Amino acid sequence: MPGTTISSVTTLTPERPALCAPSRAARELGLRRYEFDLAVELGRIRIVSDEASGGRRVARTEIARLQAQPGFPQTLRERVRVVGTKEGASLMGVSQGRFARLARLGLLVPVRFYLNRYRAVVWLYLAEELREFVANSEHTDLITGRTPETLRSQLTAGLDMRPRNWRGRHLGFLLRQADDPWARAGAIATFLPSEEIADIVKVPYERARLDRLRPNLPEHGAPGSPSALLGEQIMTAQDADEIAWLTADLVRQLEATRTPWPASSPVPSRRDHAARRPRVRRVPILPVARPSAPAAPVDIATAQACSDIPVAAPLPRSGHGPGVTTARPPRGLLTWLGRRSPRSAPAGDHTRGT
């Protein structure tokens, strides 16, 4: 209508938070949760620590960066795609037997594993890495040629590098997410047997803190079940050289936690206890002569030196008056000599202090 003024109404849109939870980020990136977790472990998606919630979050700028990549989201999902032995062999153009041999020799590194209903271990590999292995011209003989005799002898002896390669790869994932020496020490201790950790970490406080910081590994069945025990065996170092390597790394990280000791920590280390312990001066004890032996001459300098030695305990009060303290008469050689040749008491003093 003429003369009518229409006022514009502004709709306020709530500002989106700068950080979002991993589950929300996975939905916005078009990934399943296990694909998102694998992308984080591989470094495909960068996460940050949120001090307010104490967890890990994904920045909005990181989500925008991934969404702006060409071919999103298919390219991102392809980079975290995992395949088993059958699909991996088809992808590489080899038989399943040759694929399994290459994996047992450690040439193909698994990225995941699980136990099927028959408690058989199923290893999963990155499809991207399998394609890169085939594209490398140095691997042509391994793919199409005859397996060398040295490698065949190792397979005959029962070599299987898949569990160890998985442990090494997963340890790299955990170390990349660790923020301080304590977190790195906990990641290393995750793959060591408990008896090895007990031999290395002697301080109960350090052992308790290390157990608290150990990351949770994938679970396979109910605790104590055969599947869980098998999964625990795969996730624990078995070879002597692997245990020695992990032990050396754990000792190095523990030394890094002790020097310097953080001021905010409630319990100091043994080194700090030793530094703060007051030094106690040891009082030399003179030998006591036997009664049957002749009395040895007393050196005046030795007697004066012994009398100058401070007494750590508070001196008892004597009966001479309040506020006056005297040391107890020395025991040992000097006391025995005093009994043999008593000194004359001073004039006017007929009482003996106690």
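**A friendly note on salt bridges, strands and helices**

The structure holds 23 salt bridges, a salt bridge being a side-chain nitrogen of Lys or Arg within 4 Å of a carboxyl oxygen of Asp or Glu. This is a predicted model, in which local features need pLDDT of at least 70 and side-chain atom pairs count only at pLDDT 80 or more, while totals for chains, interfaces and linings use all residues. Residues are numbered from 1 along each chain as its sequence is written, and side-chain values use heavy atoms, with hydrogens and water left out.

1. **E128 and R44.** Start with a salt bridge between E128 and R44, whose closest N and O atoms are 3.0 Å apart. E128 sits in helix α7 (residues 127–135) and R44 in the loop between α2 (33–42) and β2 (48–49), so that this pair links distant parts of the chain, 84 residues apart. Helices here are DSSP runs of H or I with at least four residues, strands are runs of E with at least two, and both are numbered from the N terminus. R44 is buried, at a relative accessible area of 18%. The scale works like this: buried means under 20% relative accessible area, exposed means over 50%, and partly exposed is in between (1.4 Å probe, protein chains only).

2. **E62 and R65.** Here the closest N and O atoms of the salt bridge are 2.6 Å apart. Both residues belong to helix α3 (residues 60–67), and because they are three residues apart, about one helical turn separates them. Is each partner buried or partly exposed? E62 is buried, with a relative accessible area of 4%, whereas R65 is partly exposed, with 31%.

3. **R169 and E129.** Another salt bridge joins R169 to E129, with 2.2 Å between the closest N and O atoms. R169 lies in helix α10 (residues 162–177) and E129 in α7, so the pair ties together parts that are 40 residues apart in sequence. R169 counts as buried at 17% relative accessibility, and E129 as partly exposed at 29%. Elsewhere, R164, R167, D239, D241 and E242 are joined into one network by salt bridges that share partners.

4. **A sheet of three strands.** Three strands form an open sheet in the order β1-β3-β2, with antiparallel pairing. Because β1 (19–20) and β2 stand at the edges with a single partner strand each, one side of each is left without a neighbour in the sheet. Strands of a sheet pair through backbone hydrogen bonds, either parallel or antiparallel. In this note, two strands pair if DSSP finds at least two bridges between them. β2 and strand β3 (residues 56–59) pair in the antiparallel sense over two bridges, and S49 stands opposite R56 in β3. Across β1 and β3 lies α3, running at about 55° to β3.

5. **The hairpin of β5 and β6.** Four bridges join strand β5 (residues 112–115) to strand β6 (residues 121–126), and the two run antiparallel. Y114 stands opposite V122 in β6. Which side chains of β5 are buried? F113 and L115 point to one face and are buried, while R112 and Y114 point to the other and are not. The hairpin has five residues between its strands.

6. **R119 in the turn.** R119 is found in the loop between β5 and β6. This residue has a positive phi of about 60° although it is not a glycine. R119 is partly exposed, with a relative accessible area of 45%. P226, in helix α14 (residues 226–234), is 107 residues from R119 in sequence and 8.2 Å from R119 in space, C-alpha to C-alpha. P226 also counts as partly exposed, at 48% relative accessibility.

7. **A cis peptide bond.** F72 and P73 are joined by a cis peptide bond, with omega about 5°. P73 lies in the loop between α3 and α4 (74–79).

8. **Two helices that cross.** The axes of helix α5 (residues 85–92) and helix α6 (residues 96–104) come within 9 Å and cross at roughly 100°. That makes α5 roughly perpendicular to α6 (under 35 degrees counts as roughly parallel, over 145 as roughly antiparallel, 65 to 115 as roughly perpendicular and the rest as oblique). Axes are lines fitted to C-alpha atoms, for helices over the stretch in contact, and angles run from 0 to 180 degrees between N-to-C directions. T85, K86, G88, A89 and M92 of α5 make the contact with Q96, F99 and L102 of α6, where contact means heavy atoms within 4.5 Å.
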